[in-house]
Amino acid sequence: MPSLWQALTGEKTDMTGYLSEDAAFAVSRKMTPVWREAAGLMLRGDYYPLTGCRKDAADWYAMQFDDSDAGEGFVQVVRNVQVTEDTYRVQMHTEAGKTYTFTDRLTGDSFTKTAEELECGLDVTLVPRSGVVLFYTYM
């Protein structure tokens with residue numbers, strides 16, 4: 001699944017081979033709805049790079065797409081294989097006075113934070129070589 005986290009683009013980039021194991025196809029089917037929702041936001045939302053974009057296995061990678069007209073967006077965070085810290089603090093773009101409801105579409109977990117709470121950052125904890133896409137709405 002790591003390649004699907006890193007290949008989150010406006011165009012589907014699924015590298016599951018024809019002769020792959022059934023488990024690889026199951027992961028692809030699981031990620032397709034996440035990609036579809038994210039792709040729409042990538043096409044119409046504003047892009048905010050939240051980390052540098054370096055080819056370094058010891059770096060975290062994070063980005064945000066925000067559609068302020070619709071009051072929705074997503075944050076993607078990826079922990080590369082050599083990152084030593086378990087948690088990364090994401091400094092998101094937010095609108096003052098708004099309340100943000102985040103949802104992980106794969107787990108169904110949701111939580112809410114105000115823009116003021118997010119000024120201190122959003123802590124994301126991941127195991128090595130993993131990622132998360134947190135969709136959000138705000139009002």
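Is W60 buried or exposed, and at what relative accessibility? In this predicted model, the relative accessibility of W60 is 8%, so the residue counts as buried, the limit for that class being under 20%.

The chain contains three helices and eight strands. Their order along the sequence is α-α-β-β-β-β-β-β-α-β-β. Of the 139 residues in the chain, 40% are buried. Among contacts with a separation of 6 or more, 62% are made by residues 24 or more positions apart. The accessible surface of the chain amounts to about 8000 Å², and carbon and sulfur atoms contribute 51% of this area.

Aromatic side chains were then examined in pairs. A pair of aromatic rings is described by the distance of the centres and the angle of the planes. The count of aromatic pairs in the model is 10. One of them is formed by W60 and Y88, with a distance of 5.5 Å centre to centre and an angle of 25 degrees between the planes. This pair is classed as stacked, because its planes are under 30 degrees apart. The two residues belong to distant parts of the chain: W60 is in strand 2 (residues 60-67), whereas Y88 is in strand 4 (residues 87-90), 28 residues apart. The partners fall into separate accessibility classes, W60 being buried at 8% and Y88 partly exposed at 21% relative accessibility. Y88 is not counted as buried because that class requires a value under 20%.

A tilted arrangement is found for F102 and Y136, whose ring centres are 5.6 Å apart and whose planes stand at 55 degrees. The angle is neither under 30 nor over 60 degrees, and the pair is therefore assigned to the tilted class. F102 is located in strand 5 (residues 99-104) and Y136 in strand 8 (residues 130-138), so that this pair ties together parts of the chain 34 residues apart in sequence. Both F102 and Y136 are buried. These two residues also belong to one aromatic cluster, in which they are joined by Y100, F111 and Y138.

Backbone geometry was considered at R129. Most residues other than glycine have a negative phi. R129, by contrast, has a positive phi, near 60 degrees, although this residue is not glycine. R129 is placed in the loop between strand 7 (122-125) and strand 8. With a relative accessible area of 53%, R129 is exposed, because this value lies over the 50% limit for that class.

How values were computed:
Residues numbered from 1 in each chain as written. Predicted model: local features only at pLDDT ≥ 70, side-chain atom pairs only at ≥ 80, totals over all residues. Heavy atoms only, no water. Phe/Tyr/Trp six-rings, centres within 6.5 Å; stacked < 30°, edge-to-face > 60°. Helix = DSSP H or I, 4+ residues; strand = E, 2+ residues; numbered from the N terminus. Buried < 20%, exposed > 50% of the residue type's maximum accessible area, 1.4 Å probe, protein only. Contact = heavy atoms within 4.5 Å. Areas by Shrake-Rupley, 256 points an atom, 1.4 Å probe, with all protein chains shown as cover.
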